[in-house]
Amino acid sequence: DMADAEKFSAVRQDVKESLYVVKSGLARVEGVIKNLLSFVRRDEEVFSRLDLHASLDQALGLLRYEGLEGVEVHRNYGEIGSVEAIPGQINQSFLNIFQNALHAMEGCQRKELLIATRVVGDAAVVSIRDTGVGIPEQNLEKLFDPFFTTKAVGKGTGLGLSLVYKM
């Protein structure tokens, strides 16, 4: 009967669309997991060659679902090559700095993250700037103190930049 054929066709189309949504969701989850696995390597205490640009991009990739939407990211990557570093520590440092930048830009109209790399002498320099609210001058000397935070209770531990400084 024609009505049953139409119902079957509609159900079939719904199933096709649902499968597409599930498949694309799984692809996103797979991408996040791959990014996490390469980001949080098990060689954390071993110095090795590291591509800083890839590390920066991986940290940004992890934040894509944590508030990076609506933020214009400007990359001005210089010719720095790879560096000798402990990858897990560098990756965690970039992630902490980017998370702080995102928190600083909450509620701002213009949200921009500017990342630049360059070589100065025999050092690779990474500069990260955001269009957030800034840090009051009286807090600058406490910036790397463990547990110091300007965030509301429950919003931060005050350990992010302290850990970055120690690394």
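Helices and strands are taken here as DSSP runs, helices of at least four residues and strands of at least two, numbered from the N terminus. With the elements assigned in this way, T131 falls in the loop between β5 and α4. The structure described is a predicted model.

The protein contains four helices and five strands. Read from the N terminus, these elements follow the order α-β-α-β-β-α-β-β-α. Of the 167 residues, 26% are buried. Among contacts with a separation of 6 or more, 68% are made by residues 24 or more positions apart.

Helix α2 comprises residues 52-63. Its twelve residues should span 16 Å at 1.5 Å a residue, and the 17 Å between its end C-alpha atoms agrees with this expectation. Nine of the twelve residues are buried, so α2 is largely enclosed by the rest of the structure. The buried set consists of L52, H53, S55, L56, A59, L60, G61, L62 and L63. The N-terminal end of α2 is capped by D51, which places a side-chain oxygen 2.9 Å from the backbone nitrogen of H53.

H53 itself belongs to helix α2. Its relative accessibility is 17%, and because buried means under 20%, H53 is classed as buried. Apart from neighbours within four places in sequence, H53 is in contact with Y77, G78, I80 and T117. D57 also has its place in helix α2, but its relative accessibility of 32% makes D57 partly exposed. Outside the residues up to four places away in sequence, D57 touches R75 and Y77. With Y77 there is in addition a polar contact between the two side chains, at 2.8 Å. The C-alpha atom of D57 is separated by 9.8 Å from that of N91, a residue 34 positions apart from D57 along the chain.

Helix α3 has 18 residues. The distance from its first C-alpha to its last is 26 Å, close to the 26 Å expected at 1.5 Å a residue. The buried residues in α3 are P87, G88, N91, S93, F94, L95, N96, F98, A101 and L102.

The second largest pocket of the model has a volume of about 160 Å³. Two or more lining residues come from each of β3 (82-85), α3 (87-104) and β5 (123-130). The greatest contribution is that of α3, which gives four residues. The lining as a whole is formed by L52, V83, E84, A85, I90, S93, F94, I97, A124, V126 and I128. By class, nine of these residues are nonpolar, one is polar and one is charged. Two residues of the lining, S93 and F94, are also among the buried residues of α3. L52, another lining residue, is one of the buried residues of α2.

Beyond α3, the chain continues into a loop that leads to β4 (112-120), and M105 is found in this loop. M105 is buried, with a relative accessible area of 1%. When neighbours within four places in sequence are set aside, the residues in contact with M105 are V71, K111, E112, D130, T131 and G132.

The loop between β5 and α4 (160-166) holds G134. At 47% relative accessibility, G134 counts as partly exposed. G134 and M105 are 29 residues apart in sequence, and their C-alpha atoms are 9.0 Å apart in space.

T131 lies in the loop between β5 and α4 and is buried, with a relative accessible area of 17%. The side chain of T131 approaches two backbone atoms. It reaches the backbone oxygen of R110 at 2.6 Å and the backbone nitrogen of E112 at 2.9 Å. Not counting residues up to four places away in sequence, T131 touches M105, C108, R110, K111 and E112. K111 and E112 are likewise in contact with M105.

How values were computed:
Residues are numbered from 1 along each chain as its sequence is written. This is a predicted model: local features need pLDDT of at least 70, side-chain atom pairs count only at pLDDT 80 or more; totals for chains, interfaces and linings use all residues. Side-chain values use heavy atoms; hydrogens and water are left out. On a 1 Å grid over the protein atoms alone, a cavity is a set of points where a 1.4 Å probe fits but cannot get out, and a pocket is an open set with protein on both sides within 12 Å along at least five of seven lines; lining residues have an atom within 4 Å of a point. Grid points are joined across faces, edges and corners, and a volume is the space filled by probe spheres set on the points. Ala, Val, Leu, Ile, Met, Phe, Trp, Tyr, Cys and Pro count as nonpolar, Asp, Glu, Lys and Arg as charged, and the others, Gly among them, as polar. The expected span of a helix is 1.5 Å times one less than its number of residues. Buried means under 20% relative accessible area, exposed over 50%, partly exposed in between (1.4 Å probe, protein chains only). A polar contact is a pair of N or O atoms within 3.5 Å; within protein, one must be able to donate a hydrogen and the other to accept it, and residues adjacent in sequence count only if both atoms are side-chain atoms. Contact means heavy atoms within 4.5 Å.
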